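This report describes how the strands and helices of one protein model are arranged. Please keep the structure in view while reading.

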Amino acid sequence: MIDYSKVLSKTVVDTPKSGIRKFFDLMSTMTDVVGLTVGEPDFQTPWHIREAGIQSLEKGKTYYTANAGLMDLRSEINTYMTRRFRISYKPESEVIVTVGGSEAIDIAFRAVIEAGDEVIIPTPSFVCYAPLVSIAGGTPVILETKFENKFKIDPEALKAAITPKTKMLVLPYPNNPTGAIMTREELEDIAEILRDTNILVLSDEIYAEMTYTGDHCSIASIDGMWERTIVASGFSKAYAMTGWRLGYICAPKALCEQMLKIHQYGIMSSPTTAQFAAIEALKNGDDDIRMMVDEYNRRRRYIFNGLKSIGIESFEPEGAFYIFPKIGDFGLSGEEFCNKLLYDYKCAIVPGNAFGKSGEGFARISYAYSIKHITQALERIEAFVKTL
């Protein structure tokens, strides 16, 4: 018999499973559960986008595309980035179409990280960053953000985290799970620290369109930052295209050339049907975005006020579609709170420590669900909290 402990990668074996999926999987084994665990739009992909994908199939467009993606799509991505965020890229050499934003993050890490390199990761943040850094051979350096600062990066704390081994800063804003954003003025402070270094920035902007208190600012648009920034984004959130698995990278040519090698050997090219749908989304999807974001904004205010009326403190999220309420005042750990809520009151939310140790005492609640669904969850949360 083979001894798998001697053949499996220790790095991978030691990598924890996603805390988000843990509660989603528990919920799936139960009945009558109201779940607010997954960051997936409850909207269908708009019809005109689906139709573009269908038409591409009917016309037999089922071939491989160029490794970096259809040139028409890369051109539309550049047009979109220029129009929305005032940053421009050459479609032929500075844009790569990926299998979701997740692949974009993965190949960005793998293209630049070598053994011993450090990557600064603000937390709480999405669960994939630290594991992917470790798998790439790097060392995650955790930079804790705080509730009282609206979970923004503190420039002095960032300075203190930088060492001669620092290779990259992850900039996860708008933030999953906290709903925090960084304004242009706040990003200017970060840029000032990085300008005269060789430190790169991975700016995960998948929630860029979901910014409720003003327009999203990409750090790549700030003087001296374009040359050191890899922007990772995609179509899943803004266009309700999660299952299409399509994302993209925008970055300087010297960085894209190396990321493309990894994409080339590991993926070949992203799904062709999804690429044709994405062209339509970028050309004619602005009204869809506005409609969905207006509804998310309504849900954002509703769940914030609902939690407040129950007596659960949160800061009002300014981006993405999550709220990160404080649950640590009830005398339970995050895991205990969320487990009891799930098993005793059939309501599923995610403990904050799934997003880093600094998330302990909080929970992530997704409001990418209907008002009716959110109302049912709030009723169950209120009933549970009354017992505490």
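## The sheet of three strands

Strand β9 and strand β12, which spans residues 363-366, are joined by two bridges and run antiparallel. Within this pair, Ile-323 has Ile-365 of β12 as its bridge partner. The model described here is a predicted one.

The pair belongs to an open sheet of three strands, arranged in the order β9-β12-β11 with antiparallel pairing. Its edge strands are β9 (322-323) and β11 (350-351), each of which pairs on one side only.

## The sheet of seven strands

Another open sheet contains seven strands in the order β2-β8-β7-β6-β5-β3-β4, and its pairing is mixed. Here the edges are formed by β2 and β4 (139-144), each pairing on one side only. On average, neighbouring strands of this sheet are turned by 20 degrees against each other, when direction is ignored.

Strands β3 and β4 offer a detailed view of the pairing in this sheet: six bridges connect β3 and β4 in the parallel sense. One residue to locate is Ile-120, whose bridge partner in β4 is Val-141.

## Helices α11 and α13

Helix α11 covers residues 286-310 and helix α13 covers residues 371-386; their axes come within 10 Å and cross at roughly 15 degrees. Because angles under 35 degrees count as roughly parallel, α11 is roughly parallel to α13. The crossing of these two helices, α11 and α13, is right-handed.

On the α11 side, the contact involves Glu-295, Arg-298, Arg-299, Tyr-302, Ile-303, Gly-306, Leu-307 and Ile-310. These residues meet Ile-371, Ile-374, Thr-375, Leu-378, Ile-381, Glu-382 and Val-385 of α13. Sorted by class, the contact of α11 with α13 consists of nine nonpolar, two polar and four charged residues.

## Helices α12 and α13

Helix α13 also packs with helix α12 (residues 334-345), at an angle of about 110 degrees and with the axes 10 Å apart. Since angles of 65 to 115 degrees count as roughly perpendicular, α12 is roughly perpendicular to α13. The crossing of α12 and α13 is right-handed.

From α12, the residues Phe-337, Lys-340, Leu-341 and Tyr-345 take part, and they meet Arg-380, Ile-381, Ala-383, Phe-384 and Val-385 in α13. The contact of α12 with α13 divides into seven nonpolar, no polar and two charged residues. Ile-381 and Val-385 of α13 therefore deserve attention, as they appear in the contact with α12 and also in the contact with α11, where contact means heavy atoms within 4.5 Å.

## Helices α3 and α10

The axes of helix α3 (residues 47-58) and helix α10 (residues 272-284) come within 8 Å and cross at roughly 145 degrees. In passing α10, helix α3 makes a right-handed crossing.

Helix α3 contributes His-48, Ile-49, Ala-52, Gly-53, Ser-56 and Leu-57 to the contact, while α10 contributes Thr-273, Phe-276, Ala-277, Glu-280, Ala-281 and Asn-284. By class, six nonpolar, five polar and one charged residues make up the contact of α3 with α10.

## Salt bridges

How many salt bridges does the structure hold? There are 17 salt bridges in the structure. In one salt bridge, the side chains of Lys-159 and Glu-156 meet at 3.6 Å, N to O. Because Lys-159 and Glu-156 are three residues apart in helix α7 (residues 155-161), about one helical turn separates them.

## Backbone features in loops

Most residues other than glycine have a negative phi, and most peptide bonds are trans. The following places in the backbone may be read against that background.

A cis peptide bond links Thr-123 to Pro-124, with omega at about 0 degrees. Pro-124 is in the loop between β3 (118-123) and α6 (129-135). The peptide bond from Tyr-173 to Pro-174 is cis as well, with omega near -10 degrees. Pro-174 has its place in the loop between β5 (166-171) and α8 (184-194). Arg-86, a residue other than glycine, has a positive phi, near 60 degrees. The loop that holds Arg-86 runs between α4 (71-85) and β2 (95-98).

Definitions and conventions. Residues numbered from 1 in each chain as written. Predicted model: local features only at pLDDT ≥ 70, side-chain atom pairs only at ≥ 80, totals over all residues. Heavy atoms only, no water. Axes fitted to C-alpha atoms, helices over the stretch in contact; angles between N-to-C directions. Helix = DSSP H or I, 4+ residues; strand = E, 2+ residues; numbered from the N terminus. Parallel < 35°, antiparallel > 145°, perpendicular 65-115°, else oblique. Left-handed = near helix turned anticlockwise from the far one by under 90°. Nonpolar A, V, L, I, M, F, W, Y, C, P; charged D, E, K, R; others polar. Pairing = 2+ DSSP bridges. Salt bridge = Lys/Arg side-chain N within 4 Å of Asp/Glu carboxyl O.
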